[in-house]
Amino acid sequence: MKNRLYMVILAAAACVSAQGNGLTAVHPGYTVTDLKPTGNEGKKFFVGGMDTFSDGRLAVCNWGNPGDVWLIGNAAKGTAATAAATLFATGFRQLLGCKVVHDTVYVLQMDELTQLVDVDKDGKADEYNKVNDNFSTSESDLAYAYDLEYLGGDFYAVLSSDVQIGGMDFSPSLPGRSQYVRLRRNNKTDVLASGFRNPNGMGKGFGNRLFSVDNQGSWLPSSKIIHLQEGKFFGHKNNATTPFQDQPETWPMAWLPHGDVSYNPGDLLFISEGIYKNQFFFTDLSDTWKGRIYRVSMQEVSGVMQAAVIPFSSNFGVGGSRMAWGPDGVLYVGEIGSSGSWSSLATLKPGLKRFNPPADPEKSSAFEVLAVRSMGPSTLELEFTEPVAADANQAGKYTIKQWTFQPQLSYGGGNKANQSTLSVQSALIKPDGKTVELRINGMLEKYLVHIAMTGLSSSTAGALWTPQVWFTLNKFGPGTVPPIAGCRDQANADYNSKATVDDPKACSPNSITAIQSFASAGRESSGALRYLGAGRIRLDLSPDAPYVLTLADVAGREVKSWQGRGSAELDGSAFLKQGASRGIYFLQLRSASRTWSRRILSSL
């Protein structure tokens with residue numbers, strides 16, 4: 001492969017237009033620290049993936065030629081001058097996904113999901129283990145595998161379509177692209193959905209739901225945010241037909257109007273606490289705004305997701321690509337800034353920023369729209385972060401427009417369709433003082449609703465932080481914020497006892513799990529039961545296979561047990577905290593009529 005460095009999000013230069021939402025500064029609740037280290041080899045950080053370890057270290061996947069992985073030890077407190085970046089692994093092919101699972105790094109290359117293991121604990125990877133390479137790739141410069149998420153023992157990614165330089169797909173295009181896939185550890189790959197063009201960014205929210213962005217171009221009149229669901233088709237048509245392509249297009253959770261909201265959307269990051277709890281942040285790679293972050297407030301109506309896009313912060317860098325949470329609410333933003341031309345690495349602008357959190361995360365330092373909700377065919381609710389002034393009940397302060405989109409084959413084709421300005425009949429301030437109910441004539445489902453506010457202020461005369469929001473109205477409400485599922489911490493208020501997902505990051509991305517060591521007699525496999533070291537146990541089972549895993553001492557007494565279904569990766573260190581002594585223990589896995597056993601040695 002030529003391995004030229006082109007970013008797939010826009011294969012052709014995008015025309016840059018003015019952005020009029022008034023957001024030109026960093027959010028007043030945050031301060032920004034530049035963390036852009038060059039490392040001890042002088043490399044620049046073009047962040048294609050990023051995640052944190054339980055001890056707060058930051059893993060950064062450098063999208064370069066070749067790609068590499070760096071560890072930053074004092075990212076939460078350091079600066080560009082003092083951040084200690086050390087090379088962990090190198091030699092990769094287009095790194096655009098990075099996930100730390102139980103303190104082990106996994107990276108997604110263009111053609112392989114790879115596990116990196118530091119056996120001797122010297123800060124450098126000793127083993128580069130292939131986890132899965134069973135997905136379509138080619139010599140094309142732009143056949144990328146995007147981002148990486150982990151859920152219940154498996155990994156998830158979205159493959160780009162087979163895009164050529166200039167923006168259109170190859171004809172014929174490479175089979176097996178434009179798909180949302182589950183990457184299993186046994187090198188089996190499940191195709192879950194199709195219809196993606198350049199989906200550069202995933203996110204996991206509400207426990208066990210996965211989401212993705214997609215970037216405008218052929219068949220995509222504008223960029224969008226998608227709630228990933230199995231068996232769905234999401235709009236981009238390949239001329240090598242993909243599974244599910246004959247189905248009607250599933251409308252996105254949120255449209256991102258090109259040039260107004262976004263040019264090149266990147267990562268999605270779920271917010272699990274604070275005033276913005278149960279929302280997403282997402283970034284944009286364009287350096288037009290010198291870095292931009294949006295908030296996404298979500299609503300679910302009869303199983304259908306829809307969302308409002310709210311400008312949050314701007315003018316902090318060169319354009320965000322990936323995000324991660326660190327200790328104590330620290331937000332990291334990795335950057336690959338571009339003016340729209342992705343022809344070479346020299347045109348891109350690397351960066352790494354730390355957003356230092358506000359003193360009180362339960363309050364906003366700005367008067368801003370917190371959420372938007374549909375409450376019926378003629379009613380929208382705007383919830384603000386503070387009580388509004390009394391004159392917020394004037395209908396003339398709100399201008400409402402709506403439109404839809406018509407997808408077309410041509411690059412950039414498919415513009416706004418059926419545009420109209422709607423009449424606001426009334427604006428009612430609800431009893432909480434922070435919510436305004438708008439009565440609006442003529443709203444339609446599967447339309448984007450643009451809300452512009454003029455002259456609004458808080459009850460203390462605070463100016464509105466940004467005067468525009470965009471709400472994708474898929475279904476008339478009222479609805480709910482989707483419930484959180486998948487938590488395993490019963491002390492968490494959002495714990496769902498019926499959840500089947502065993503993932504400590506599912507609902508608490510900032511949680512720290514202390515994993516104590518075992519001494520192991522090697523890394524040999526034993527059927528579906530594998531002991532990975534560092535207290536981790538992996539089960540390779542079919543998706544619906546029930547299992548019981550038991551840990552017993554040499555006398556056969558049960559010390560710990562787990563139950564569930566399908567593949568999983570478990571933390572086996574918990575029994576040590578319950579007073580188990582040093583010595584030999586036995587693992588036994590029972591699934592249906594099969595049984596596997598392993599002996600391990602506790603060194604504590």
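Me: Strands here are DSSP runs (E, at least two residues), numbered from the N terminus. In which loop does Gln 109 lie?
Reply: This is a predicted model. Strand S8 covers 113-117, and strand S7 covers residues 104-108. Gln 109 lies in the loop between S7 and S8.

Me: What is the strand order of the open sheet?
Reply: The open sheet has four strands. Their pairing is antiparallel. The edge strands, each pairing on one side only, are S6 (97-101) and S9 (127-132). From one strand to the next, the twist averages 25 degrees. The order is S6-S7-S8-S9.

Me: Over how many bridges do S6 and S7 pair?
Reply: S6 and S7 run in the antiparallel sense. One bridge joins Val 101 to Thr 104 in S7. The count for the S6 and S7 pair is five bridges.

Me: Is Gln 109 buried or exposed?
Reply: The relative accessible area of Gln 109 is 9%. Buried means under 20%. Gln 109 has 9%, so the residue is buried.

Me: With which side chain does the side chain of Gln 109 make a polar contact?
Reply: The side chain of Gln 109 reaches the backbone nitrogen of Arg 93 at 2.9 Å. That partner is a backbone atom. The side-chain partner lies at 2.9 Å. That partner is Thr 114.

Me: Which residues does Gln 109 touch, not counting residues up to four places away in sequence?
Reply: Both polar partners, Arg 93 and Thr 114, are on the list. Phe 135 is also one of the residues touched. The full set is Phe 92, Arg 93, Gln 94, Leu 95, Thr 114, Phe 135 and Ala 145.

Technical notes. Residues are numbered from 1 along each chain as its sequence is written. This is a predicted model: local features need pLDDT of at least 70, side-chain atom pairs count only at pLDDT 80 or more; totals for chains, interfaces and linings use all residues. Side-chain values use heavy atoms; hydrogens and water are left out. Two strands pair if DSSP finds at least two bridges between them. Axes are lines fitted to C-alpha atoms, for helices over the stretch in contact, and angles run from 0 to 180 degrees between N-to-C directions. Buried means under 20% relative accessible area, exposed over 50%, partly exposed in between (1.4 Å probe, protein chains only). A polar contact is a pair of N or O atoms within 3.5 Å; within protein, one must be able to donate a hydrogen and the other to accept it, and residues adjacent in sequence count only if both atoms are side-chain atoms. Contact means heavy atoms within 4.5 Å.
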